[in-house]
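Trainee: I would like to learn how to read strands, helices and confidence in a model. Please take me through this one.

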Amino acid sequence: MERALGKGAEGTDIWAVLRSPDVDLTVLSVPKLSGDKLDAAVYWTLQKDKKFSEDEYALDYLVMGPSAAPQATAGAKAEGAAEKEKKDTGARLDVLTCLARKADVDALATAFRQARLPLTGVTLTPAALLNLYRLPGVPGPVTLVANIHVENDFTAIGLYTSDRIVFSRYIRSGAKGMADELVEHFRALSKPNATDLHDIDLELPLPGTPGGADGPPSAPLPIPPQALDYDHAVALIRHVLMGGPEPEGLDPEHRLDREQLLEIVSPALERLARQVDR
């Protein structure tokens with residue numbers, strides 16, 4: 001980090017992304033307030049929905065702007081009821097709330113502080129991506145953008161418009177499931193297939209005949225690929241899908257193209273897709 005920042009490290013605002021499945025991002029609509037009243041409205045609205053422990057979780061929020069105007073309700077309404085609905089739903093704000101375990105936040109902050117690079121703040125993957133979408137020069141405006149960010153043990157899903165997050169969800173399934181499928185695939189290939197031996201019609205040649213004791217040697221049996229350990233599986237996925245360095249010690253059979261790898265890990269991708277659909 002010091003090498004990356006160079007002499008500009010001192011006085012630089014440093015933000016870190018907390019990579020953890022045990023976080024929550026929620027978009028709330030609250031009354032248009034400010035100061036302590038807004039803090040209280042956000043806290044109690046989220047507490048009613050999530051029922052989180054203040055001792056265990058840290059809460060922060062970002063005001064994203066006025067809530068979208070409510071759509072008209074079909075059917076005629078009495079004038080008094082219509083006025084009351086307009087008053088209740090007219091002046092509201094969309095806020096992005098964040099819940100994270102205090103122990104995780106403190107551990108990340110401590111690591112940077114020990115490196116003499118104290119953090120200005122901690123954010124989550126969907127919020128960091130929102131900042132990227134807000135940068136000048138980003139193509140837009142867009143109606144809706146979806147982003148699925150896969151980490152080792154979780155996946156962060158975000159739906160974005162040009163200036164805000166409209167939905168976010170964390171799923172406790174990630175690249176580990178894909179690596180497990182790859183490990184199991186090569187483990188199965190590395191084992192001799194006993195059923196194939198029953199299909200082989202073996203004839204024992206007599207001495208002096210081709211293939212016998214005095215004849216030419218028979219062709220060697222194909223050697224199955226070696227099993228792949230978990231670390232090599234993760235490195236292979238990063239190499240094939242993300243352009244990372246090729247892991248050392250691979251057999252020729254381990255060298256897959258993108259289509260082959262996606263076919264092998266497709267069960268893990270299908271499980272992830274089912275959770276996304278929910």
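Mentor: Start with a definition. Two strands pair if DSSP finds at least two bridges between them. Strands are DSSP runs of E, at least two residues long, and helices are runs of H or I, at least four long, numbered from the N terminus. This is a predicted model, so local features need pLDDT of at least 70 and side-chain atom pairs count only at pLDDT 80 or more, while totals for chains, interfaces and linings use all residues. Residues are numbered from 1 along each chain as its sequence is written, and side-chain values use heavy atoms, with hydrogens and water left out.

Trainee: How many bridges join β2 to β4?

Mentor: The general idea: strands of a sheet pair through backbone hydrogen bonds, either parallel or antiparallel. Here 9 bridges link β2 to β4 (residues 92-101), and the two run antiparallel. For one register point, take L25, whose bridge partner in β4 is C98.

Trainee: In what order do the strands of that sheet stand?

Mentor: The order is β2-β4-β3, an open sheet of 3 strands with antiparallel pairing. β2 (23-31) and β3 (57-66) are at the edges with a single partner strand each, so one side of each has no neighbour in the sheet. From one strand to the next, the twist averages 25°.

Trainee: Which helix lies across β2, β3 and β4?

Mentor: That is α2 (residues 35-50), running at about 125° to β2. Angles run from 0 to 180 degrees between N-to-C directions; axes are lines fitted to C-alpha atoms, for helices over the stretch in contact.

Trainee: What is the strand order in the sheet that holds β7?

Mentor: It reads β6-β7-β8, with 3 strands in an open, antiparallel arrangement. The edges are β6 (145-150) and β8 (165-171); each has a single partner strand, so one side of each is left without a neighbour in the sheet. Twist averages 10° from one strand to the next. β6 and β7 (residues 155-160) are antiparallel and share 6 bridges. N147 has G158 in β7 as its bridge partner. Helix α5 (residues 125-133) packs on this sheet and touches β6, β7 and β8, its direction making about 145° with that of β8. Contact means heavy atoms within 4.5 Å.

Trainee: What joins β7 to β8?

Mentor: A hairpin does, through 4 residues. The two strands run antiparallel with 6 bridges. Y160 stands opposite I165 in β8.

Trainee: How do I read a helix pair?

Mentor: Two packed helices are described by the angle between their axes and the distance between the axes. The axes of α6 (residues 175-190) and α8 (residues 230-242) come within 9 Å and cross at roughly 115°. α6 and α8 are therefore roughly perpendicular, a label for angles of 65 to 115 degrees. Residues in the contact include M178 and L182 of α6, and V234 and I237 of α8.

Trainee: Which helix has the lowest mean pLDDT among the elements?

Mentor: pLDDT is the predictor's confidence in each residue, from 0 to 100. Helix α3 (residues 79-90) has the lowest mean, 49, and α2 the highest, 94. Over residues 71-82 the pLDDT is below 50, and this stretch has 2 contacts beyond near neighbours in sequence. The protein averages 80, with 75% of the residues scoring at least 70. Where pLDDT is low, the predicted coordinates should not be read in detail.

Notes: Angles under 35 degrees count as roughly parallel, over 145 as roughly antiparallel, 65 to 115 as roughly perpendicular and the rest as oblique.
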